[in-house]
Amino acid sequence: MIPVTVVDPEKIAWQGNASQVVLGIQDGSVGILPGHCDAVFALKPCIARIAGEDGKEFKLFLSGGIARVEGGKLTIVADSAETPEKIDKDRAEKAKKRAEQRLSDANRQVDYERARLSLMRALHRLELSN
């Protein structure tokens, strides 16, 4: 087992031992297993999948952040970490529509990367809340 702590600016979102953790990183996904070498990963908005000691999978939405494996422990410092029951589906649906509008409107000056990340966050929140 690997000791895992997931924190955001407001709380400890999850803490315990895991047999595996899968996270979204800038160029794909990474799986962290016990015995993983020391490493640091920049996280993109993703659904973190944590296989707990009891074999049950725990999922969290992470809006980005940093994951650090050091000395056999995994620490995730997220911009925000949300459990499925804490996700506001209506808010996520509205954010999705706004981002889609921004991305489809060719006549407006749009920060496409910001709109794309907003859409990605909304889609992950909606996926996790269902």
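1. Let's start with Ile 76, a residue worth clicking on first. In this predicted model, Ile 76 has a relative accessibility of 1%, so it counts as buried, the cut-off being under 20%. Ile 76 is found in strand 8. Leaving out residues up to four places away in sequence, Ile 76 touches Thr 5, Val 6 and Val 7, and also Leu 23, Leu 43, Leu 62, Ile 66 and Ala 67. For a sense of distance, the C-alpha atoms of Ile 76 and Lys 56 lie 19 Å apart, with their positions 20 residues apart in sequence.

2. Leu 74 is another good place to look. Not counting neighbours within four places in sequence, Leu 74 is in contact with Ile 2, Pro 3, Val 4 and Thr 5, with Val 21 and Ile 32, and with Ala 67, Arg 68 and Val 69. Leu 74 also belongs to a short list in the largest nonpolar core: together with Val 6, Leu 23 and Leu 62, it touches the most other members of that 25-residue set. Which strands build this core? Strands 1 (2-8), 2 (11-25), 3 (28-32), 4 (39-43), 5 (46-52), 6 (57-62), 7 (65-70) and 8 (73-78) each supply at least two residues. Strand 2 gives the most, with 6 residues. As general background, nonpolar side chains in soluble globular proteins tend to be buried together.

3. Next, Leu 60, which sits in strand 6. Is Leu 60 buried or exposed? Its relative accessibility is 0%, so Leu 60 counts as buried. Beyond its neighbours within four places in sequence, Leu 60 is in contact with Val 6, Ala 13, Trp 14, Cys 46, Ile 47, Ala 48 and Ile 50, and also with Glu 82, Thr 83 and Leu 128. One of these partners, Cys 46, is 14 residues away in sequence, and its C-alpha atom is 8.3 Å from that of Leu 60.

4. Now to the helices. The axes of helix 1 (residues 89-104) and helix 2 come within 8 Å and cross at roughly 150 degrees. Angles over 145 degrees count as roughly antiparallel, and therefore this description fits helix 1 and helix 2. The crossing of helix 1 past helix 2 is left-handed. On the helix 1 side, the residues that meet helix 2 include Ala 92, Ala 95, Ala 99 and Leu 103, along with Lys 89 and Glu 93. Helix 2 answers with residues including Tyr 112, Ala 115, Leu 119, Ala 122 and Leu 126. By class, this contact has 10 nonpolar, 2 polar and 7 charged residues.

5. Leu 117 belongs to helix 2 (residues 112-129). With a relative accessibility of 25%, Leu 117 counts as partly exposed, because that category lies between 20% and 50%. The C-alpha atoms of Leu 117 and Ser 63 are separated by 9.2 Å, although these residues are 54 apart along the chain.

6. Finally, the overall picture. The protein has 2 helices and 9 strands, and along the sequence the pattern is β-β-β-β-β-β-β-β-β-α-α. Its C-alpha atoms fill a box of roughly 50 × 30 × 25 Å along the principal axes. What share of the 130 residues is buried? Buried residues make up 42%. Of the contacts between residues at least 6 apart in sequence, 49% join residues at least 24 apart.

How values were computed:
Residues are numbered from 1 along each chain as its sequence is written. This is a predicted model: local features need pLDDT of at least 70, side-chain atom pairs count only at pLDDT 80 or more; totals for chains, interfaces and linings use all residues. Side-chain values use heavy atoms; hydrogens and water are left out. Helices (H or I, at least four residues) and strands (E, at least two) are DSSP runs, numbered from the N terminus. Buried means under 20% relative accessible area, exposed over 50%, partly exposed in between (1.4 Å probe, protein chains only). A nonpolar core is a set of buried Ala, Val, Leu, Ile, Met, Phe, Trp, Tyr and Cys residues joined through side-chain atoms within 4.5 Å. Contact means heavy atoms within 4.5 Å. Axes are lines fitted to C-alpha atoms, for helices over the stretch in contact, and angles run from 0 to 180 degrees between N-to-C directions. Angles under 35 degrees count as roughly parallel, over 145 as roughly antiparallel, 65 to 115 as roughly perpendicular and the rest as oblique. A crossing is left-handed if the near helix is turned anticlockwise from the far one by less than a right angle, and right-handed if clockwise. Ala, Val, Leu, Ile, Met, Phe, Trp, Tyr, Cys and Pro count as nonpolar, Asp, Glu, Lys and Arg as charged, and the others, Gly among them, as polar.
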